[in-house]
Structure formats: structure tokens, C-alpha cells
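Here's a quick tour of how a protein chain holds together on the inside. Take a look at the sequence and the 3D view, then work through the points below.

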Amino acid sequence: MDAVAGGDFVAPRTGQSAAGRFARLDATLGASGLPQSATGQSALLTGKNAASVMDGHYGPWPGPTLKRLLDEGQLFEWAARRFGRDAVAWGGAYPPGFFDALEHGRLRLNAPAYAARSAGVDLPGQAAYREGKAVAADLDGAWFASKGIEPPGGFVPGPTGAERAGRRLATAMADKGFSFLDVWLTDRVGHRGGLAEARDLVRLLDAFLAGVLGARDSATTVVLTSDHGNLEDAAHRRHTRADVPLAAVGPGARAFDGCRSILDVASAVRAAWGDDP
């Protein structure tokens with residue numbers, strides 16, 4: 001991540017590096033209080049101020065109002081129209097029992113997963129994971145391995161396994177017009193408040209990103225950002241009003257030059273596709 005940022009990833013800077021573009025984005029949406037996942041994610045996907053629609057920050061799951069906002073137009077739908085539905089992919093594999101629990105109302109989808117499913121994009125399960133077409137939420141696949149589920153080539157723990165997962169995902173997504181990976185564990189670990197666990201996860205994420213960038217097709221633009229702060233402050237277990245990072249690497253990176261808020265991300269992604277939002 002330091003290489004992407006052209007220096008210290010957490011330093012307060014914005015601009016260009018040899019790798020791409022790096023910026024700090026306002027995630028507050030102009031609302032008081034602590035940003036929440038449902039409004040932040042909806043804003044990232046639609047470019048619309050979801051906190052304004054909700055009269056404040058809201059989360060973690062989208063309710064009827066935010067679902068209506070997402071149904072009006074969001075990145076998965078726009079990508080399906082532009083590239084074809086088969087060229088849009090969700091990169092995270094779900095574990096055994098997830099889909100049954102979802103269908104029986106024991107689980108809810110977050111805003112990105114709701115948006116993907118609404119656009120007809122399949123949410124992959126363990127079969128896709130075994131085939132190397134999706135990666136585990138914990139990045140190296142330790143949880144899946146504990147259940148006897150392993151990716152092609154077998155399970156490798158730690159940063160080495162995470163880097164291999166990143167390479168597998170980049171290869172699997174090379175022919176896609178738009179692919180999305182939800183790294184939700186950063187939020188869960190942030191809420192736990194353990195500094196050691198947070199550091200371990202960031203090391204995995206860093207290695208995973210290195211794998212993605214090392215194996216990506218030269219025509220692919222990789223974008224990294226977040227819906228709110230949390231993991232960066234281990235002094236408490238709450239979300240924060242901190243700026244969130246934006247990193248863009250690849251031929252479409254210049255489309256993100258003007259981004260100052262998470263509200264700017266959706267239009268920048270479309271501009272990178274060559275659309276005029």
C-alpha cells in the first residue's frame with residue numbers, strides 16, 4: 001500500500017505516485033455523527049448522498065429507503081448495461097449455509113451485495129472458491145481451510161496465502177468489465193478493538209493487494225477505498241469521521257484525480273469505463 005501511495009500510506013497527502021493516484025476522501029456525507037455502512041456504501045455505489053436521503057447516517061444494513069435509492073441506479077446495474085451481465089462479477093466467496101440462511105431470513109445483505117444481486121450478478125459460494133473464481137473474506141482462506149475447503153493449489157496461511165489469493169482473483173477477473181470485492185473484515189476487526197488483530201489483517205490486505213496488482217491485466221484499473229473509518233483507531237471500537245483512502249492504479253486512474261468525497265467515486269468509475277455519467 002505504501003508503493004501505491006508513493007510513500008507512507010497513512011500520511012496526509014493527495015496526488016500521484018509512480019503506481020497511480022492516491023487521495024483522502026471525506027466520508028461524512030455532510031451529516032453529523034459517525035458514518036455508517038449502509039449510507040456510506042450506498043453513496044459509493046450511486047454517487048448520491050444516502051445520508052441526506054435517510055436524514056442522517058444509517059446502517060449497517062440497507063432498509064427499504066436505501067434499497068429504493070440503489071434500485072434507481074448503481075454501479076453493478078450500470079456495468080451490466082455497459083459490459084453485459086456476465087462481465088460483472090462479485091469476488092468474495094460465501095461459506096456453506098449462507099444462502100440457506102439468506103433465503104430463510106436469518107441473514108441480510110449489505111448494500112453492495114444487495115446491489116449486485118439486484119443487477120443479476122451471482123454471489124459465489126464454495127464451489128467458485130475451490131475453482132479459484134472467488135476469494136475468502138479473510139483473504140488467506142484460513143476459515144475455509146478449517147472446514148476442509150481449499151482453493152486451487154491448497155491452503156497457504158498468512159501473507160503468502162493472501163498474496164496468492166490476490167493473484168488468483170486478478171486472473172479470474174481479467175476478462176470482466178467490472179468486478180467488486182467487499183473486504184468487510186476490516187470493520188469487524190475494528191469493532192473488536194484489538195491492535196494485534198488489526199495489524200495482522202492489514203498485513204494480509206497489503207499482501208493481497210500486492211498479489212492483485214502483480215497479476216492484473218495491463219488494461220485493468222484497480223480501485224481501493226472504504227465507506228468509513230474504523231480500523232485505523234484502536235483506541236475505541238466505534239466508527240470514525242476520519243478521511244478514507246482512495247487508491248487507483250491502472251489506465252483509468254486519471255479519472256479519479258478530482259475525487260474529494262466518497263460521493264465522487266461512482267462517477268469516476270464510470271468515467272474510467274469511458275462513460276459520461
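The largest nonpolar core here has 42 residues, and the members that touch the most others are L75, F76, W90, F178 and I262. Keep in mind that this is a predicted model. As a rule of thumb, nonpolar side chains in soluble globular proteins tend to be buried together. Which parts of the chain feed this core with two or more residues each? They are strand 2, strand 3 (88–90), strand 6, helix 2 (37–46), helix 5 (75–83), helix 6 (98–103), helix 7 (111–118) and helix 13 (265–273).

**Around the core**

- There's also a second core, separate from the big one, with 22 residues, including M1, A89, V135 and A165.
- F178 is a good residue to click on: leaving out neighbours within four places in sequence, its contacts are L75, F76, A79, F83, A87, V88, A89, V269 and W273.
- F178 also belongs to an aromatic cluster, together with F76, F83, W90, F180 and W273.

**Helix 13 and its end**

- Which residues of helix 13 are buried? They are V265, A266, A268, V269, R270 and W273.
- Those buried residues pack against strand 2, helix 2, helix 5 and strand 4 (178–180).
- Right after helix 13 comes G274, and its phi is positive, near 100 degrees.
- R270 is worth a second look, since this arginine has a relative accessible area of 17% and is therefore buried, the cut-off being under 20%.
- R270 also sits over the face of W78, at 4.2 Å from the ring centre.

**Salt bridges**

- Side chains of opposite charge can pair when their charged atoms come close.
- How many salt bridges turn up in a search of the whole structure? The search finds 12.
- One of them joins R24 and D243, with 3.7 Å between the closest N and O atoms. R24 is in strand 2 (residues 21–25), while D243 is in the loop between strand 5 (222–224) and strand 6 (244–249), so this pair ties together parts that lie 219 residues apart in sequence.
- Are R24 and D243 buried or exposed? Neither label quite fits: R24 is partly exposed at 31% relative accessible area, and D243 is partly exposed at 37%.
- D200 and R203 make another salt bridge, at 3.2 Å from N to O. Both belong to helix 12 (residues 195–215), and they are three residues apart, about one turn of the helix.
- D200 is partly exposed, with a relative accessible area of 44%, and R203 is partly exposed too, at 48%.
- R270 shows up again here, in a salt bridge with D275 whose closest N and O atoms are 4.0 Å apart. Shared partners link R82, R270 and D275 into one salt-bridge network.
- In the R270–D275 pair, R270 is buried, whereas D275 is partly exposed, with a relative accessible area of 22%.

**Aromatic pairs**

- To describe two aromatic rings together, you give the distance of their centres and the angle of their planes.
- The structure has 12 aromatic pairs. F9 and F22 make a tilted one, 5.2 Å from centre to centre and with 55 degrees between the planes.
- What does the F9–F22 pair tie together? F9 is in the loop between helix 1 (2–5) and strand 1 (15–16) and F22 is in strand 2, so the pair connects parts that are 13 residues apart in sequence.
- F9 counts as buried, at 14% relative accessibility, and F22 is buried as well, at 3%.
- F98 and F99 have ring centres 5.1 Å apart and planes at 85 degrees, so their pair is edge-to-face.
- F98 is buried, with a relative accessible area of 9%, but F99 counts as partly exposed at 29%.

**A buried loop residue**

- Where would you look for N230? This asparagine is in the loop between strand 5 and strand 6.
- N230 counts as buried, at 3% relative accessibility.
- Not counting residues up to four places away in sequence, N230 touches D187, G190, H191, R238, H239 and T240.

How values were computed. Residues are numbered from 1 along each chain as its sequence is written. This is a predicted model: local features need pLDDT of at least 70, side-chain atom pairs count only at pLDDT 80 or more; totals for chains, interfaces and linings use all residues. Side-chain values use heavy atoms; hydrogens and water are left out. A salt bridge is a side-chain nitrogen of Lys or Arg within 4 Å of a carboxyl oxygen of Asp or Glu. Helices (H or I, at least four residues) and strands (E, at least two) are DSSP runs, numbered from the N terminus. Buried means under 20% relative accessible area, exposed over 50%, partly exposed in between (1.4 Å probe, protein chains only). Rings of Phe, Tyr and Trp (its six-membered ring) pair if their centres lie within 6.5 Å; planes under 30 degrees apart count as stacked, over 60 as edge-to-face and the rest as tilted. A charge sits over a ring if NZ of Lys or CZ of Arg is within 6 Å of the ring centre and within 35 degrees of the ring normal. A nonpolar core is a set of buried Ala, Val, Leu, Ile, Met, Phe, Trp, Tyr and Cys residues joined through side-chain atoms within 4.5 Å. Contact means heavy atoms within 4.5 Å.
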